[in-house]
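Welcome! Here are some short exercises to work through with the structure open beside you. Try each one yourself before reading the solution.

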Amino acid sequence: MKFSYNDLRHLAFFSLLIMTLAGVWTACTKSSTPLGKILYQETKNQVYQNLDADSLAETFKAYMVTHPKAFKNPKYIERFYQSQQYIPVLLTRFYADSSLFQFIDRLEHIGEHGLSPHNYPIAALKRSLQELSDKSVIRTPAEAYTHIVASELLFADAFTNYSIALQYGQLNPRRSLSRYYIPVARPDSLAFMRVLSTQDLASYLDSIQPKNVFYRQLQQALQTEKGSKVMALTANLERLRWKMERDSDFMVYVNIPAYQLTVLKDREPVAHMKVVVGKADGHETPLLSSRIHSVQVNPIWNIPASIAKKEILVQAKADKFYLSNHGMDVYYKGKKVADADSIDWSGYNEDNLPYSFKQRPGDANSLGLIKFLFNNGSSVYLHDTPAKAVFSRKMRAASHGCVRVEQPLDLAHALFGEGEKYQTIQEEMGSENPVAKTIGLSPKPQVLLDYATCAPDEAGALTFYPDVYGLDSTVYRLLLK
């Protein structure tokens, strides 16, 4: 078929007309939003029939830009809704089946977890749902967009905060507490995605209730206890929500407030003994997790500079034979001083002490006959002690930060078991001519220096311990903040 010039002109005209009409049709036709249909069905408000997804998405974006401080984790929330093309997923999924009201009910009972309902906008959440169904409030599409977005984000923020609090703890202990070095898992962007991507809100809320039997025991006790125990129960519930490694297959567990050490093998206790921990005067034992890699029998004590300045120097000034009587050698610029008893200590103080000190192996050594070594940034370890009388005290926060163990040979046996290494340890600890000797340990058990002021006893009953470092009060205050 052949076309004339006029035919081509007419074809171009009609093509242009069709393209123009298509553009006009596209501009006039709005993409509907499923939420609009849901809200119309539930509220019979005609305004919701005129909503479109593009306008809702633009309102969503603008709201997040103008309210950057309205959310606890704005970057994660922004990232999630961007991946969802700014669809109000919570309202779309859960408005019609009243699941959002169930969530509000959980918030109103959050005190059962030792958390404060005052940290959640419960009244605002209720009001937002009421306003969505109120025709006197939602009179125009613009008002509908604004209320939908504000309500969605209010729920998203509360929902993620609640979920994270129950699964990871409301506090990050490594940021909130001094001398807390235990690695704990914290939520990342994927954790937030999982929370907001849930398809069954009621089932999800049930699933994040901590399943630990001890946790439920603390919850039940919290409903009946009053006074000072409420603080302890609240703080310990929060600690149980912190996700940390616990190698129950082989672990040395030290509970600082209880002044107790327990060795666990295959989840069963195989040794239990008293310990002495750091004083609550700046010498607190740090909370940490590591692996015991070796022991040193008949250890040499490299006396820390702080102890040398504040304690050893004072003793040396009072008694020039103090150092030799306690097996201490003096070093100057790394070299041992031959006749330390001749040093006139009266001319030195904490600010101008050029000497360092080491204590030789022996019965007088402050580390006793053995120390248990593990990597950490606080230079602490478990060790024996010649000062056995302290173990008879009820309050045993008396060290410079390290953990003194009551029965070091029993601890060595629990870790090494019968065999050549344990026999060597036993023989060397009884030697009349003690020499420092390091013996490697494999497998390496986890050592966890923990802080629990409430724990079940052997019969399963709750036992409360003194808040020796005041950490319960710190956690409690921060939870209510």
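The exercises below look at one strand and its partners, and then at cysteines, in what is a predicted model.

**Exercise 1.** Find strand E6 and work out how many of its residues are buried.

*Solution.* Start by locating residues 288-297, which make up strand E6. Next, go through the 10 residues of E6 and check how covered each of them is. You should arrive at 7 buried residues, so a residue counted here has under 20% relative accessible area. Strand E6 is thus mostly covered.

**Exercise 2.** In which sense does E6 pair with strands E16, E11 and E15, and over how many bridges?

*Solution.* Take the partners one at a time.

- Step 1: strand E16, residues 446-450, pairs with E6 in the antiparallel sense over 4 bridges. Here Ser290 stands opposite Val447 of E16.
- Step 2: strand E11, residues 370-374, pairs with E6 in the antiparallel sense, with 5 bridges. Look for Val297, which stands opposite Ile370 in E11.
- Step 3: strand E15, residues 437-440, is an antiparallel partner of E6 over 4 bridges. In this pairing Ser294 faces Gly440 of E15 as its opposite residue.

**Exercise 3.** Are Cys402 and Cys454 buried or exposed, and how many disulfides does the whole structure hold?

*Solution.* First, read the accessibility of Cys402: its relative accessible area is 13%. Because buried means under 20%, Cys402 is buried. Then turn to Cys454, which is buried too, at 0% relative accessibility. Finally, search the whole structure for disulfides: the count is 0.

Note on methods: Residues are numbered from 1 along each chain as its sequence is written. This is a predicted model: local features need pLDDT of at least 70, side-chain atom pairs count only at pLDDT 80 or more; totals for chains, interfaces and linings use all residues. Side-chain values use heavy atoms; hydrogens and water are left out. Buried means under 20% relative accessible area, exposed over 50%, partly exposed in between (1.4 Å probe, protein chains only). Helices (H or I, at least four residues) and strands (E, at least two) are DSSP runs, numbered from the N terminus. Two strands pair if DSSP finds at least two bridges between them. A disulfide is a pair of cysteine sulfur atoms within 2.5 Å.
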